[in-house]
Every structure is written in structure tokens, then in C-alpha cells.
Amino acid sequence: MFDLARLCFVSLVLALAAPAAAQVREEDLSEFTEKLEIGISTDEISITSDFRGADLTIFGAIDGFDENLLAQGKYSIIVTLEGPKENATVRRKERVFGIWVNTRSMTFELVPESYSLSSTRDIETIAPPGELGNMGIGVDHMRLVPLGFVGDGSNLGEFRNAFRRIRETSGVYQRDPGGVRFISSSLFRASVRLPANVPNGVHIVRAYLFRDGLFVAAKALPLTVVKTGLEQAITRAAHDQPVIYGLFAVLLAVITGWGASLLFRKE
């Protein structure tokens, strides 16, 4: 009887405590009064055949900021430009009988084709690595999920590091600590790089606001990258009419080879 009474008492205490805990959580979430606003000068960029890369400027503002925290430099901004996503395969080459051949490979699911990041300072000093990893912010914290069977997973770290290294070496993944600067009390300007081989499609500009290491707010805007001129016509033909495009490519190769043989033929 005593045990039953004690059980009822504990249940009553827990029931009364639950709304209080929920209220505390709501207060914790509502303690952030800051909001983030961003803007870009254009929502579409046209790429020509002689495009060599460009810098995209993003302007933003912090609304509802705390003047004391702002004066103490407690606010930090991270801005990213993320390209369209597709599966990416990393292959490992090994020398077999004196010949370099692909021996192993790993495919990662839906990773950005391009990725540029700018921040007020090194992102590792802005937020804990766990927080950056949960949000997928930064090249080192990007979610790289393998497709298919990966065995015991012992090679997963090796292929992830190789993927990041290849993308950064080719210039499609870039980072710029210090690329975000405050131009007034709460206004900031960020510059992110569009690589020369920027992919076609819809890119996403994202800005993240952190206050003393804690995530506060985020904002996102779309940016469309389209190819124009002859390059766009060739790209469209390759996707819309692949058979005709393939036949034309073979015919062009034959004509070019035949013309070269005539030009350099020895009498």
C-alpha cells in the first residue's frame, strides 16, 4: 500500500514538472532576439565561355542585436555558397605490374558540386566542432554519406579526406577566413568565390549568425547560374538530344582528323 502511494506521488510530481521543463526550454529558445537579413545584387549569373571565376558580394544585417555584445565582438558570421548536389565517386589508384589502375572506389551521396565559405574568422573558433558538424558547415564538417557497402568502414576516413583534398585542389571547394567584415555596427559584407568551373543550376547562399559560440539564426537565398552562348547550346544539345550530339561529335572528330592528315601529309 505504501509503495502504491509513493508511486502515485512520484507520478504527480513528474506531471507537474513536465510543463515547467517545457516552459524553461521555450524560454531558452526565445532568449535569442537577434534576426539575420541578407541580400545579393542579383539572383542570376550568366556564364560565358571565357568566364574565369568571380566574387559574389553578399550584404547583411543583424536585427535586434545587443549593443554590449556587439561592442565586445561576440557576434560572428559565416556565409556559404553551395552548388547543386550530385553523387560523387572517389577512386584510389595503385600500381599493379607497373601500371596505375583504379583498385578501390567509394561514392558519396548528394554532395555539393561547388562550395565556397567566408567567415569573420576561422570557423573552428566560432563554434564547437560538434555544432559545426551537426549543421554541416565547412568543408571539414560537410556530411559525406557513402552509398552501398563499405565493409568495416576502416577506409571511410581515408576516402573522405581524399574527397575534400581533391575538391579543394581543383578549386571548386574554397574557404576564406576573414572574408566577412562588419562595415558598420550591425551591417556586414561577405565575399564568396565563384570558381571558373562553377556548375550550372541553382546555388544556395546561406548566412549563419553565432553569438559567443551559440547558433542564433540563419538565412538562405537562391542564386541561379546559367551558361550562355555557344557553351550553353552545346550543353543543352548534350542533355536534350544525346544521340544527335554524339553522332555530331564523332563526325566532327572524323572531319578534323581527315583535315589534319591532309594538312600534314608528306608528299
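User: What makes F108, Y115, F163 and Y173 one aromatic cluster in this structure?

Analyst: In this predicted model, the rings of F108, Y115, F163 and Y173 are joined into one aromatic cluster, where the pairing rule asks for ring centres that lie within 6.5 Å. By this rule the count comes to five aromatic pairs.

User: Why is the pair formed by F210 and F215 called edge-to-face?

Analyst: The ring centres of F210 and F215 are 5.8 Å apart and their planes stand at 65 degrees; because a pair needs centres within 6.5 Å and planes over 60 degrees apart count as edge-to-face, both conditions are met.

User: How do you know whether F210 and F215 are buried or exposed?

Analyst: F210 has a relative accessible area of 0%, and because buried means under 20%, F210 is buried. F215 has a relative accessible area of 29%, which lies between the 20% and 50% cut-offs, so F215 is called partly exposed.

User: Why is S119 called buried, and what is S119 in contact with?

Analyst: S119, which lies in strand 7 (residues 115–119), has a relative accessible area of 1%, and because the cut-off for buried is under 20%, S119 is buried. Leaving aside neighbours within four places in sequence, S119 is in contact with I77, I78, I126, D176, P177, G178, G179 and V180. Over the protein chain, buried residues make up 30% of the 267 residues.

User: What makes up the lining of the largest pocket?

Analyst: The largest pocket, with a volume of about 220 Å³, is lined by 15 residues, of which E82, K85, G136, M142 and R143 lie nearest its centre. Two or more lining residues come from each of strand 4 (75–82), strand 6 (99–112) and strand 11 (201–211), and strand 6 gives the largest share, four residues.

User: How do the residues of that lining divide into nonpolar, polar and charged?

Analyst: The lining of the largest pocket holds eight nonpolar, two polar and five charged residues. Among the residues nearest the centre, E82, K85 and R143 are called charged because Glu, Lys and Arg count as such, whereas M142 is nonpolar and G136 falls in the polar group.

User: Which residues does the "transmembrane region" annotation cover, and what is their secondary structure?

Analyst: The annotation comes from an unreviewed UniProt entry and covers residues 243–264. In the model, the span of residues 243–264 is 95% helix and 0% strand, with its end C-alpha atoms 32 Å apart. The secondary structure of the protein chain comes to six helices and 12 strands.

Key:
Residues are numbered from 1 along each chain as its sequence is written. This is a predicted model: local features need pLDDT of at least 70, side-chain atom pairs count only at pLDDT 80 or more; totals for chains, interfaces and linings use all residues. Side-chain values use heavy atoms; hydrogens and water are left out. On a 1 Å grid over the protein atoms alone, a cavity is a set of points where a 1.4 Å probe fits but cannot get out, and a pocket is an open set with protein on both sides within 12 Å along at least five of seven lines; lining residues have an atom within 4 Å of a point. Grid points are joined across faces, edges and corners, and a volume is the space filled by probe spheres set on the points. Rings of Phe, Tyr and Trp (its six-membered ring) pair if their centres lie within 6.5 Å; planes under 30 degrees apart count as stacked, over 60 as edge-to-face and the rest as tilted. Buried means under 20% relative accessible area, exposed over 50%, partly exposed in between (1.4 Å probe, protein chains only). UniProt positions are given in the numbering used here, feature names are shortened, and annotations may be inferred rather than shown by experiment. Contact means heavy atoms within 4.5 Å.
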